[in-house]
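Okay, thanks for squeezing me in. Have the viewer open if you can, because I'll be jumping around by residue number.

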Amino acid sequence: MDTKDLKSRDEGFFVERIFYKYEDYEKIEKLQKTEQKKYKDKQISYEDLKYPKDIINYLNSVEKGKIGELLIVYNKIINSETRDKILFE
């Protein structure tokens, strides 16, 4: 069969890697932990939370890092079907 006759298929992987500054991550993490403690102690309500989502939702990604700079890496993998095993290196 000639490859030009093959139809496209949606059976692959989507891999996304985003980098964030460690200092920014650490700052939001501390604020979030403090806020969660206040929420658990019933000092504030859920509506008053400033950081209810995952930390990366409040960070700006880094396009270019500097030598020696600590970065947090967020990896997101989406695939088209249920799989038993996936190796991500």
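Let's start with K37, which comes out as exposed at 53% relative accessibility. The cut-off for exposed is over 50%, so K37 makes the grade on that number. Bear in mind that this is a predicted model, so everything I quote is computed from predicted coordinates.

K37 has a partner: its side chain meets that of D41 in a salt bridge, 3.0 Å from N to O. How many salt bridges does a search of the whole structure find? One. D41 itself is partly exposed, with a relative accessible area of 43%. You'll find D41 in the loop between helix 1 and strand 2. For a sense of scale, take D41 and F13: they are 28 residues apart along the chain, and their C-alpha atoms are separated by 43 Å.

Right next door is K42, also in that loop between helix 1 and strand 2, with the strand covering 71-79. K42 follows helix 1 and has a positive phi, near 60 degrees. And K42 is not a glycine. Why point that out? Most residues other than glycine have a negative phi. As for its surroundings, K42 is exposed, with a relative accessible area of 74%.

Now back up into the helix. Helix 1 runs over residues 22-40. Quick sanity check on its geometry: at 1.5 Å a residue, 19 residues should span 27 Å, and the end C-alpha atoms are 26 Å apart, which agrees. Which residues of helix 1 are buried? They are I28, Q32 and E35. Look down the axis of helix 1 and those buried residues fall within an arc of 65 degrees, so they line one face of the helix. Flip to the face turned away from that buried side, and you get the exposed residues K27, K30, K33, K37 and K40. So there's our K37 again, on the face turned away from the buried side.

Of the buried three, E35 is the one I'd like you to click on. What does a buried E35 have for a salt bridge? Nothing: E35 has no salt bridge, and the nearest side chain of opposite charge, K50, is 6.4 Å away. The cut-off for a salt bridge is 4 Å, so a distance of 6.4 Å between E35 and K50 doesn't qualify. E35 does have company, though. Leaving out residues up to four places away in sequence, E35 touches I44, D48, L49, K50, Y51 and P52. Note that K50 is on that contact list, even without a salt bridge to E35.

One name there, Y51, takes us to the rings. How many aromatic pairs does a search of the whole structure find? Two. One is Y39 with Y46, edge-to-face, at 6.3 Å centre to centre and 70 degrees between the planes. Both partners are partly exposed, Y39 at 37% relative accessibility and Y46 at 48%. The other pair is Y51 with Y58, also edge-to-face, at 5.1 Å centre to centre with 85 degrees between the planes. Y58 counts as partly exposed, at 25% relative accessibility.

Last stop: S61 and strand 2. S61 is in the loop between helix 1 and strand 2, and at 38% relative accessibility S61 counts as partly exposed. What does S61 touch, not counting residues up to four places away in sequence? I18, F19 and Y20. Then two C-alpha distances from S61: to I72, which is 11 residues along the chain, the separation is 9.7 Å, and to Y74, 13 residues apart in sequence, it is 9.8 Å.

Y74 is in strand 2, and Y74 is partly exposed, with a relative accessible area of 29%. Setting aside neighbours within four places in sequence, Y74 is in contact with E16, R17, I18, Y20 and I56. Put the two lists side by side: I18 and Y20 are touched by S61, and I18 and Y20 are also in contact with Y74.

If you keep one picture from this, make it helix 1: I28, Q32 and E35 buried, lysines including K37 exposed on the face turned away, and K37 joined to D41 by a salt bridge. That's me done.

Key: Residues numbered from 1 in each chain as written. Predicted model: local features only at pLDDT ≥ 70, side-chain atom pairs only at ≥ 80, totals over all residues. Heavy atoms only, no water. Phe/Tyr/Trp six-rings, centres within 6.5 Å; stacked < 30°, edge-to-face > 60°. Buried < 20%, exposed > 50% of the residue type's maximum accessible area, 1.4 Å probe, protein only. Helix = DSSP H or I, 4+ residues; strand = E, 2+ residues; numbered from the N terminus. Lys, Arg positive; Asp, Glu negative; His and termini not counted. Contact = heavy atoms within 4.5 Å. Expected span 1.5 Å × (residues − 1). Arc of directions from axis to C-beta.
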